[in-house]
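Visitor: I'd like a close look at the charged pairs in this protein, please. Could you take me through them slowly, and then show me how they sit within the rest of the structure?

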Amino acid sequence: MAENLLLNSPHLLQKISLSPVMLRLMQEAVKPEPDFAVMADTIRLDPALATTVLNLVNSAFYGLPQKVTDLHRAVSVLGSRELLKVAVAMSLQKDLEHGFPDCEYDFFPDWRLIVWSAIAAELLAARLCPRQADQAYLCALLKDVSLLFLRCAAKELLADPDRRDRITVLEKGQLAFEEERWGMHHGALSQMLLTRWGIPAEMCESIRAHHAMETLSEQSPLTQAVILATQWSEMELGHASGPFSVVQFEVLLRGVLGMSEREVDSLRSECLEKFRSMLESLGIGEGDQNRAYYRHSVKVMQGYCFLSMDLLTAEGGLMSVARTMGKHIKLNWDVKSWDLALRTPHGNSYSLFHLTQEGILEQAQSRVSEGRLPWRIKRPGVELTSSGKRLGELRLGETSLPQDEMDNLGLYLRFFSQGYEYYCARQAVLEEKALAFDKIPIGVARVDGAGIVVEANKRIGEYLGLDTAPRGQALAEMLSMRLSRETVAEVSAFLADTSRASFGKIVYFVEQKRGGRSDGCLYLSAHRSQDSKGHGVLLLLEDLRELSEVEVQTLRRKNFLERLVGSMQELVLTVSAKGVVDFCSHQELGLTGREFFKVFTPQQPFDGVWGPELFAVDQPSPVEALLTTQGGSQLPYELSLAPLTGKPGTAREYLVVGRDLTQIRRLEAKLKVRALFDGLTGLFNHYQFHTTLEREVVRCRRTGRSMGMVFFDLDKFKAVNDTQGHLAGDALLKGVGAMLLRQVRQGMDYPCRYGGDEFVIILTEVDEEGLHAIGQRILVDVRELFKGLVTVSVGASMLREDDTPETLLKRADNLAYASKTAGGDTLTEG
């Protein structure tokens, strides 16, 4: 974690705090029996909130037969808990949108996602864990609160600081970035904030894991509901990876909920109705209608999904793709004329196809740039896009399709585009494989467990002097055409002995040619692998006739050294003087051929020139840099540079050794957290207490504002440890910590665990009356929370003019001791 402004800055914690109205509403919402009087008084503190709540209560969201004009009536109709959920949602929206007027961020797309997930979580929990349906609603509503506040309060901490909407949609690599930068992902950060705001730990655990789809089956029913609702909102609102995943998610829902297709469709309709009513009451439109999938029935999407799967088995090039689309459009929309441009699977050129009025499919152009396509239909068409990539365009001839049919055609084309993306990926791999397989200067053959050649390139036939294709022939018979009986026997023995992983030798042979004969030399190697039908072998033949004996030995040593370097944990690179990576020991990173100074970015502090000029520096110091992989993730390395030959600045190639710092950074982040907070209670620890006390005393002297301290320890705590065990004692200490976090003012009061069963609170901007109130509240809350099992001896004192941090602490400690001497369960002030 390069910097953690959140943990280091109590003022940032204060800045991203919720309003008093929101905090009081949340604390009522999580109680087993909410107090209507408290709730009504809280809502009335904000007249605009009260009006908005009544507007939603009277909307189609609830479908009440008569208009409700006051909160008492609303409670009698809906119940306290339902009204609380409405008020919490409204208050959260107001805190976000009015709390940061200069944020320059569009909250509406995120609110659509939040509203859908909250409603969906409640409906899902009603089937998975009915008693926790209200909690599921609140969890889904609050799960991304950390991201929303940070976007406006400290956007520099985010993976994409300039993102202007949909920050709650999970991006690839986002959680790893957050773990690296913050020491926790945003779910854990939301959990930390909400715990401090008084939300129960069980709910917070569901918030922490709301993206854990891969461990869905291992989670509690409440957490399952929140995870599924999070995924469902991104699917239905069109922010998922593609339309196929929407259909797959509906199947997943049926499996998890044990419901039929019709029941899931009914659940979806109920969620959609409540979603639209809630948006209307919040004054939020539905946004981009073409993006959302909830406008279409599951059955229609399933049909288009099945149609697009025809592309996965299409053979015959792009003409077969165009023919497949033409068949689908004809059957479903009776379109008689169209132009279709398709990007080629391997490259950025396009092919254009026409369907004439006579129903004849023609290929008008192939492999040209998009700007040179000879379109027959001039008006703009519908783009084919998938995963953010443009794959083509469909232009329709004269058609009178109504708008709803055009919408369905647009939906079909989204499924078709994703199917075509999969087709392109498969076809590109096949083309590259075939091209590389035949052009590599080595003979390659794949052999099954019975010794029959399954696949081979042309080169192996040339080396062995074969007149027919190798496929289907016995390997031993092929080798005997040119190699000695001894070599054939050795290869056969290797094939039979499945315990051996590899085999290799240099073989010589005599080749008969016109004009005489010539000697040949091959390096033969075989490597055992596992194919789909059992054990298989990969056979390689390399022609060594152009190499001298010294070169052969050098080649073998080079292979050994590459395997040796590849087994090292460090990243080893050779880089040309121009900055191009020539060799990379970790091939999975895909760095070979890329520009070293672009894929690595130096981290602060670094005051040198980041470019090939760095090679001219004599014995440069190690540089900490981030490697941006092809997948977009970032990995921290410490890089050491040295010339391979010659002097710095004149060498033709340079050695770079990188030490992976990922584990070190994660450890630093964990240590950072541990250095600030007590691991058991979540309060500031002993060290942080003294640091904070010194800072606040200095600030108090500078600003002239008052401050005070409350010091207390637990009465009868030793008896709990002795009779019930240390686990019970730990649970009791955790309870005290949670109580203090609920009571203090965020960013103004600092609750700390001083040691053992001793606690202390530093209070800023407080007078004697406020200090007394807090001390009394601690006495009362501990009595009620632990039912007399333990009580507290409390000492409280204000900072005096001649005080130092040490004298204030000593006086508060002595006052707590006086309470203890007086029998405990009392407050002594002085």
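**Salt bridges and their surroundings**

Guide: Let's start with Lys-143, which forms a salt bridge with Asp-144, the closest N and O atoms being 2.9 Å apart. Neither partner is out on the surface: Lys-143 and Asp-144 are both buried. Please keep in mind that this is a predicted model, so every distance and area I quote is computed from its atoms.

A second pair joins Asp-339 to Arg-376, and here the closest N and O atoms of the salt bridge are 3.0 Å apart. Asp-339 belongs to strand β1 (residues 338–343), while Arg-376 is in the loop between β3 and β4 (382–386), so the pair ties together parts that are 37 residues apart in sequence. What about burial at the two ends of this bridge? Asp-339 has a relative accessible area of 0%, so it is buried. Arg-376, with a relative accessible area of 37%, is partly exposed. To place those labels, buried means under 20% relative accessible area and exposed means over 50%, with partly exposed in between.

For a third pair, turn to Asp-803 and Arg-811. Their salt bridge has its closest N and O atoms 2.4 Å apart, and both Asp-803 and Arg-811 are buried.

Charged side chains can also be linked in groups. Glu-370, Glu-383, Arg-390, Glu-393 and Arg-395 are connected in a network of salt bridges. Across the whole structure, a search finds 30 salt bridges, so you have plenty to browse once you know the ones described here.

Now for charges that gather on the surface. Asp-767, Glu-768, Glu-769 and Glu-829 form a negative patch there. Let me pick out Glu-769 as one of its members: its place is in helix α29 (residues 768–786), and it counts as exposed because its relative accessibility is 66%.

If you follow the chain into the loop between α29 and β20 (791–798), you will find Lys-787. Its phi is positive, about 55°, although Lys-787 is not a glycine. Why point that out? Most residues other than glycine have a negative phi. Lys-787 is also exposed, with a relative accessible area of 73%.

Arg-367 has a positive phi too, near 50°, and is likewise a residue other than glycine. Its setting is strand β3 (residues 361–368). With a relative accessible area of 54%, Arg-367 counts as exposed.

Another lysine to visit is Lys-734, in helix α28 (residues 726–743). At 45% relative accessibility, this lysine counts as partly exposed. Leaving aside residues up to four places away in sequence, Lys-734 touches Leu-680 and Thr-681. Look also at Gly-679: its C-alpha atom is separated from that of Lys-734 by 9.8 Å, with their positions 55 residues apart along the chain.

For contrast with all these charges, here is a nonpolar part of the surface. Phe-306, Met-309, Leu-312 and Tyr-422 form a nonpolar patch, and together they have about 390 Å² of accessible area. Met-309, one of the four, is in the loop between α17 (298–308) and α18 (318–333). Its relative accessibility is 36%, so Met-309 counts as partly exposed.

From there, go inside to Cys-271 in helix α16 (residues 261–282). This cysteine is buried, at 0% relative accessibility. Which residues does Cys-271 touch, not counting those up to four places away in sequence? They are Trp-116, Ile-119, Ala-120 and Leu-123. Cys-271 and Trp-116 are 155 residues apart in sequence, yet their C-alpha atoms are 7.3 Å apart in space.

Finally, let's step back to the whole protein. There are 30 helices and 21 strands. Of the 830 residues, 48% are buried. If you take contacts between residues at least 6 apart in sequence, 57% of them join residues at least 24 apart. The accessible surface of the protein is about 40400 Å², and 51% of that belongs to carbon and sulfur atoms.

When you go back to the charged pairs, try viewing two of them in turn: Lys-143 with Asp-144, where both residues are buried, and then Asp-339 with Arg-376, where the aspartate is buried and the arginine is partly exposed.

Methods
Residues numbered from 1 in each chain as written. Predicted model: local features only at pLDDT ≥ 70, side-chain atom pairs only at ≥ 80, totals over all residues. Heavy atoms only, no water. Patch = residues over 30% accessible without salt bridge, like charges linked within 9 Å, V, L, I, M, F, W, Y side chains within 5 Å. Areas by Shrake-Rupley, 256 points an atom, 1.4 Å probe, with all protein chains shown as cover. Salt bridge = Lys/Arg side-chain N within 4 Å of Asp/Glu carboxyl O. Lys, Arg positive; Asp, Glu negative; His and termini not counted. Charge placed at Lys NZ, Arg CZ, Asp CG, Glu CD. Helix = DSSP H or I, 4+ residues; strand = E, 2+ residues; numbered from the N terminus. Buried < 20%, exposed > 50% of the residue type's maximum accessible area, 1.4 Å probe, protein only. Contact = heavy atoms within 4.5 Å.
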